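Me: Got a minute to walk through this one with me? Let me pull it up.

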Amino acid sequence: MQRNAERPSTSTIVARGLTRTFGSKIALQPTDLDLGPGGVIGLLGPNGSGKSTLLRILVGLVRPDAGSAVVAGVTLVGDGTDIRRRCTYAPGELALYGELNGRDHLGWLLRGREGSSRARACAIADELGLPLRARVRTYSHGMKRQLLFAAALAPAVPVRILDEPTEGLDPTKRGQVLDLLAADARRGTTILLSSHHLGEVDRTCDRLVFLSAGAKIADETAESVARRARRLVRVAYAPEADFDSVERAFATMPEVRATREGTRFAVTLGTEDPRGFLAALAALPELPPPRAVEFGQLSLQELYRELYGVEGC
Amino acid sequence: MGRDLRFYALGALAYGIVLELLLVAAIVYWPEFEDNVEAIRDFMPGELKGALDRMTSGGVASYLHAQHFFKGCNTLGTLAAVIFAMGAVAGEAHRGTLEIWIARPVSRRQLLLERWTLGALAVCLPVFATTATVPYLLGTIEVEMQFGPLMLGAVHESLLLLVLYSIAFLWSCLATRIVGIAFGMLLLALLHFVAYLIPVVTHWSLYRLTDIDVFARIGATHSLDWRMCAPMIATSAILLGVSLRVFARRTP
C-alpha cells in the first residue's frame with residue numbers, strides 16, 4: 001500500500017486536477033476536491049455531468065488522463081486496489097449475477113474484505129427486508145440497489161463511495177438507506193454519494209458538490225443551499241387565471257424576480273424570509289387567488305438555473 | 001472465485017463427457033474400420049485419401065491420434081477455448097457485470113490471472129482426462145497402447161489449444177460483443193481447417209501443429225518436439241501478457 005508521505009490536506013478525499021476524456025467527449029474537466037474527514041457529501045448533477053466518472057476515478061476503476069487523488073490516505077496509483085481496500089464502492093449500474101442467491105452474492109461482492117463483513121452485510125440486508133435466499137434474478141430494481149448498498153455499508157472502512165444509492169428506491173426504503181448512512185457518518189466515516197435528485201439526498205448531506213458538463217461549479221454546505229432554497233417561493237394559479245396581471249404585479253415588487261413555468265411562477269426573493277412577499281401578494285386583491293404556495297423546496301434544475309445560471313439539468 | 005470455479009468446472013465436465021463419448025465411439029468402431037479401410041478409401045476425395053493413408057499407416061495408434069487429438073480435441077477443444085475465453089471479460093461487459101467484478105479490493109492482475117488459469121485448465125484437463133482412459137478403452141477390444149506417449153500427445157495438443165484460448169482471451173479483454181468473438185474465432189478455426197486441406201497453403205494451418213505425423217513422431221521418440229512446443233508456449237505467454245496490459249487499462 002502506498003501511503004501519501006506528505007499530506008498537505010487533512011481531508012479524507014483529496015483530488016487535484018482530475019481530468020478524463022472519452023474520445024472527443026470531455027467527461028471530467030480539471031477537478032479539485034477536499035472532502036471529509038467524516039460526514040455525508042452529496043455529489044450532484046444532471047445525467048452526463050461527470051458524477052460517475054469522478055467516482056470511478058476515485059476508486060481506480062477509470063484512469064484519469066491527468067491529475068492525482070488521495071483517498072483515505074492512499075494515493076491513487078495503478079488499478080486502485082489499495083484504495084479499494086480502504087473504501088467501499090457501490091456502482092450505479094445494477095447488473096448482478098442473477099443465478100446467485102442474495103446471500104451468496106453478498107459473499108461474492110465482499111471478497112477481499114474482513115470476515116465479519118459478510119455477517120454485517122446480511123444483517124443490513126435483513127434490516128432492509130431483502131430475501132437473501134431468493135435468487136438475485138427474482139429481485140426488483142430497488143432490491144438489487146439495496147443488495148449493493150448492504151455490501152458497500154458492511155465493511156469497516158473510513159470511506160464509502162456510492163453512485164446513486166437511492167435511485168429507484170421507494171420513499172420508505174430511501175429514508176432507511178439515508179438513515180443508515182447518516183448513522184455511519186456519525187461514527188466518523190466519510191461518505192461520498194451521487195444523485196441527480198437534490199430532494200432525495202439533501203436531508204442527509206452535510207455538504208454538496210455540484211457538477212455540470214464535467215466541471216465542478218459549486219461546493220458548499222447543505223445549510224447554505226437550504227438557505228438559498230428558502231429564497232424560492234412557487235406560486236401556482238388556476239389555468240384560466242390572468243397570468244399577465246400576476247407577472248406585472250411581481251415585477252413591481254422590490255427584490256423579487258419571477259419566472260413563469262406553465263401555471264405557476266418561481267419567485268426568487270432577496271431575503272430568506274418570505275413573509276414580506278406573501279404580505280405584498282395578499283395586499284393585491286385584484287390578482288387571482290393562488291391555488292398553491294410552496295416555500296423552501298428547490299429542485300436541482302431550479303438550483304442550477306436560478307443560482308448558478310446553468311441550464312440543461 | 002466459487003462462482004467462476006463452478007462455471008468452468010461444469011463447462012469442462014460437459015466438454016470432457018462429449019470428448020469421451022467421441023473417443024469411446026471411435027475405439028468401438030476401430031475393428032470395423034480396420035476391416036473396411038479399403039472400401040472407405042475408395043469413397044474419399046484426393047487430399048483426404050492421403051490423410052486416411054497416414055491414419056492407417058501406424059495402425060491403431062495413428063487412428064487414435066487422428067480420431068482423438070486431430071478430430072475430437074481440435075474441434076471440441078477449439079469450441080471450448082472460445083466459449084471459456086469469450087465469457088472471461090467480454091462476457092462480463094456484455095452482461096454489465098464488469099464493474100462489480102473489478103470494483104472489489106482485488107487487483108485486476110489477480111482477477112485476470114485467475115480467470116485465465118481456470119479457463120486454461122478447463123480447456124486442457126479434459127484432454128488429459130480423456131486421453132488417460134485410452135489404454136483402458138483399448139483393452140476392451142484387446143489392443144494395447146503405451147500410456148506415456150499418449151500423455152505426451154495430450155501435452156502437445158493442449159499447447160495448441162492454449163494458443164487458441166489465449167487468442168480468444170485477448171480478444172475478450174478488448175471487446176464487448178461476445179457474438180463477434182465467437183464468430184471471429186470460429187471463422188479463424190474454419191479457415192485453418194480449410195487451409196489444412198489445401199496442399200499449397202497447408203503449411204500455414206495451425207492444425208498442422210497437431211497433425212497425425214506430429215503425434216506419430218511423439219509416439220516414436222517418446223518425447224515432445226520442442227521446436228513446436230516452445231513457440232506455442234511463448235505465443236500463449238505473450239498473448240497473456242498483452243491481455244494483462246490491455247485489461248489493466250480497460251474502462252468498465
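Reply: Sure. One term up front: contact means heavy atoms within 4.5 Å. This is a predicted model, where local features need pLDDT of at least 70, side-chain atom pairs count only at pLDDT 80 or more, and totals for chains, interfaces and linings use all residues. Residues are numbered from 1 along each chain as its sequence is written, chains are lettered from A and ligands numbered from 1 in the order in which they are written, and side-chain values use heavy atoms, with hydrogens and water left out.

Me: OK, what does Arg231(A) touch, not counting residues up to four places away in sequence?

Reply: Arg231(A) touches Val267(A), Thr268(A), Leu269(A), Gly270(A), Thr271(A) and Glu272(A) on that count. The C-alpha of Arg231(A) is also 7.9 Å from that of Phe295(A), 64 residues apart in sequence.

Me: And where is Arg231(A)?

Reply: In the loop between helix 8 (222-229) and strand 11 (232-236) of chain A. Helices (H or I, at least four residues) and strands (E, at least two) are DSSP runs, numbered from the N terminus. Arg231(A) counts as partly exposed, at 32% relative accessibility. Buried is under 20% relative accessible area, exposed is over 50%, and partly exposed is in between (1.4 Å probe, protein chains only).

Me: Is Asp184(A) buried or exposed?

Reply: Buried, at 3% relative accessibility. Asp184(A) lies in helix 6 (residues 171-186) of chain A. Leaving aside neighbours within four places in sequence, Asp184(A) is in contact with Leu153(A), Arg160(A), Thr189(A) and Ile191(A).

Me: Switching topic: how many disulfides over all chains?

Reply: Zero. A disulfide here is a pair of cysteine sulfur atoms within 2.5 Å.

Me: Why no bond for Cys87(A)?

Reply: Because the closest cysteine sulfur, in Cys205(A), is 17 Å from the sulfur of Cys87(A), too far for a bond. Cys87(A) is buried, at 1% relative accessibility. In chain B, the sulfur of Cys124(B) has its closest cysteine sulfur in Cys73(B), 10.0 Å off, so that's too far for a bond as well. Cys124(B) is buried too, with a relative accessible area of 10%.

Me: Now the chain B helices. How do helix 3 and helix 6 of chain B cross?

Reply: The axes of helix 3 (residues 60-88) and helix 6 (residues 108-132) of chain B come within 10 Å and cross at roughly 160°. That makes the two helices of chain B roughly antiparallel (angles over 145 degrees; under 35 is roughly parallel, 65 to 115 roughly perpendicular, the rest oblique). Axes are lines fitted to C-alpha atoms, for helices over the stretch in contact, with angles running from 0 to 180 degrees between N-to-C directions.

Me: Which residues meet there?

Reply: Among them, Phe69(B), Cys73(B), Gly77(B) and Phe84(B) in helix 3 of chain B meet residues in helix 6 of chain B including Arg115(B), Gly119(B) and Val123(B).

Me: What about helix 6 against helix 8 of chain B?

Reply: Helix 8 of chain B covers residues 147-174, and its axis comes within 9 Å of the axis of helix 6 of chain B, crossing at roughly 150°. So this pair in chain B is roughly antiparallel as well.

Me: Any backbone oddities? What joins Gly36(A) and Pro37(A)?

Reply: A cis peptide bond, with omega about 5°. Pro37(A) is in the loop between strand 2 (25-35) and strand 3 (39-44) of chain A. Glu255(A) has a positive phi near 55°, in a residue other than glycine, and is exposed, with a relative accessible area of 62%.
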